[in-house]
Amino acid sequence: LDPLLVVAQMAEETAHLTSFWSQRPRRNLAGIGVTGKPGEGLSFPDLKTAVDAHTGRLLAYSLPVDAGNETQNQLIKEALSFRTLPDRLRGAASTLKGLAGTWAADPHYADKLAGVANDIRTH
C-alpha cells in the first residue's frame, strides 16, 4: 500500500483536515462511516488509532480475505473492529478505480484521489 495514497485519501476525505469529522475529539481522518446524515461517523481516541484504522480499512479494500501478511492482517482486523466491511468488498479495490462506488459513491473518486496524490508529488 503506497503511503501517498493514504495521505491523498485523507486530504480528499477531510478537505485537507478542515472537516468537522477530522477535528478533535472525533479524529476521523478518512471519513469512515460518515454519510452526510447528522451524527453518522466514527470517532477515534487518538491519532495513531485513527491512522491505523484508516490504513487497515484501505488494506481491507485492497486485499482479498486472508491475502495479506501478518502485519497487514492485524491492521485490517483492528480497522474492521471499528466498522465491519462485507467480504464482497474485500479486495474490491486492487486499483484506485475500485474505490469508486465502494469506499465512496462518487464515480470520479479515483480520479480525485489520483489528482490529490499527483499534486502532493509535484510539490
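Which helix does Val7 lie in? Let's start there. Val7 sits in helix H1, and that helix covers residues 3-13. Before I go on, please keep in mind that what we have on screen is a predicted model.

So, back to Val7. Is Val7 buried, exposed, or something in between? Its relative accessibility is 39%, so Val7 counts as partly exposed. For anyone new to this, buried means under 20% and exposed means over 50%, so a value of 39% falls between the two. Now look across to Val51. Along the chain, Val7 and Val51 are 44 residues apart, yet their C-alpha atoms are separated by 9.8 Å.

That brings us to how the helices pack. At what angle do H1 and H2 pack? The angle is about 110 degrees, and the two axes are 11 Å apart. That angle makes H1 roughly perpendicular to H2. If you like handedness, the crossing of H1 and H2 is right-handed. And who is doing the touching? On the H1 side we have Leu5, Val6, Gln9 and Met10, and they meet His54, Thr55 and Leu58 in H2. Sort those residues by class, and the contact of H1 with H2 has four nonpolar residues, three polar ones and no charged ones.

Now for the loop between H1 and H2, where I'd like you to find two residues. One is Pro25, which is found in this loop. Is the peptide bond from Arg24 to Pro25 cis or trans? That bond is cis, with omega near 5 degrees. The other residue is Arg27, also placed in the loop between H1 and H2. Arg27 isn't a glycine, and still its phi is positive, near 55 degrees. Arg27 counts as buried, because its relative accessibility is 18%.

Let's move along to the other side of H2. The loop between H2 and helix H3, which is 70-82, holds Asp66. Here again we get a positive phi in a residue other than glycine: for Asp66 the value is near 65 degrees. Is Asp66 buried or exposed? With a relative accessible area of 67%, Asp66 is exposed.

Next up, H2 against H3. Their axes come within 7 Å and cross at roughly 105 degrees. So H2 is roughly perpendicular to H3. The contact has a long cast list. From H2 it includes Thr49, Asp52, Ala53 and Leu59, and from H3 it includes Gln72, Leu75, Ile76 and Phe82. By class, the contact of H2 with H3 has eight nonpolar, four polar and three charged residues.

Leu59 is worth a stop. It belongs to helix H2. Why does Leu59 count as buried? Because its relative accessibility is 5%, and the cut-off for buried is under 20%. Which residues does Leu59 touch, once we leave aside its neighbours within four places in sequence? The answer is Leu1, Gln72, Leu75 and Ile76. Take Ile76 from that list: Leu59 and Ile76 are 17 residues apart along the chain, and their C-alpha atoms are separated by 6.4 Å.

Last topic: salt bridges. How many does the structure hold? There are two salt bridges.

One of them is formed by Lys48 with Asp52, and the closest N and O atoms are 2.6 Å apart. Both residues are in helix H2, residues 47-62, and they are four residues apart there, so about one helical turn separates Lys48 from Asp52. Now compare the two ends. Lys48 counts as exposed because its relative accessibility is 59%. Asp52, on the other hand, comes in at 15%, so Asp52 counts as buried. And you've met Asp52 already: it was among the H2 residues in the contact with H3.

Then there's the salt bridge where the side chains of Lys112 and Asp106 meet, at 2.5 Å from N to O. Are these residues buried, exposed or partly exposed? Lys112 has 38% relative accessibility, so Lys112 counts as partly exposed. Asp106 has 21%, and so Asp106 counts as partly exposed too. Remember that buried means under 20%, so that is why 21% doesn't make the cut for Asp106.

That's my tour, thanks for listening!

Notes
Residues numbered from 1 in each chain as written. Predicted model: local features only at pLDDT ≥ 70, side-chain atom pairs only at ≥ 80, totals over all residues. Heavy atoms only, no water. Buried < 20%, exposed > 50% of the residue type's maximum accessible area, 1.4 Å probe, protein only. Salt bridge = Lys/Arg side-chain N within 4 Å of Asp/Glu carboxyl O. Axes fitted to C-alpha atoms, helices over the stretch in contact; angles between N-to-C directions. Parallel < 35°, antiparallel > 145°, perpendicular 65-115°, else oblique. Left-handed = near helix turned anticlockwise from the far one by under 90°. Contact = heavy atoms within 4.5 Å. Nonpolar A, V, L, I, M, F, W, Y, C, P; charged D, E, K, R; others polar.
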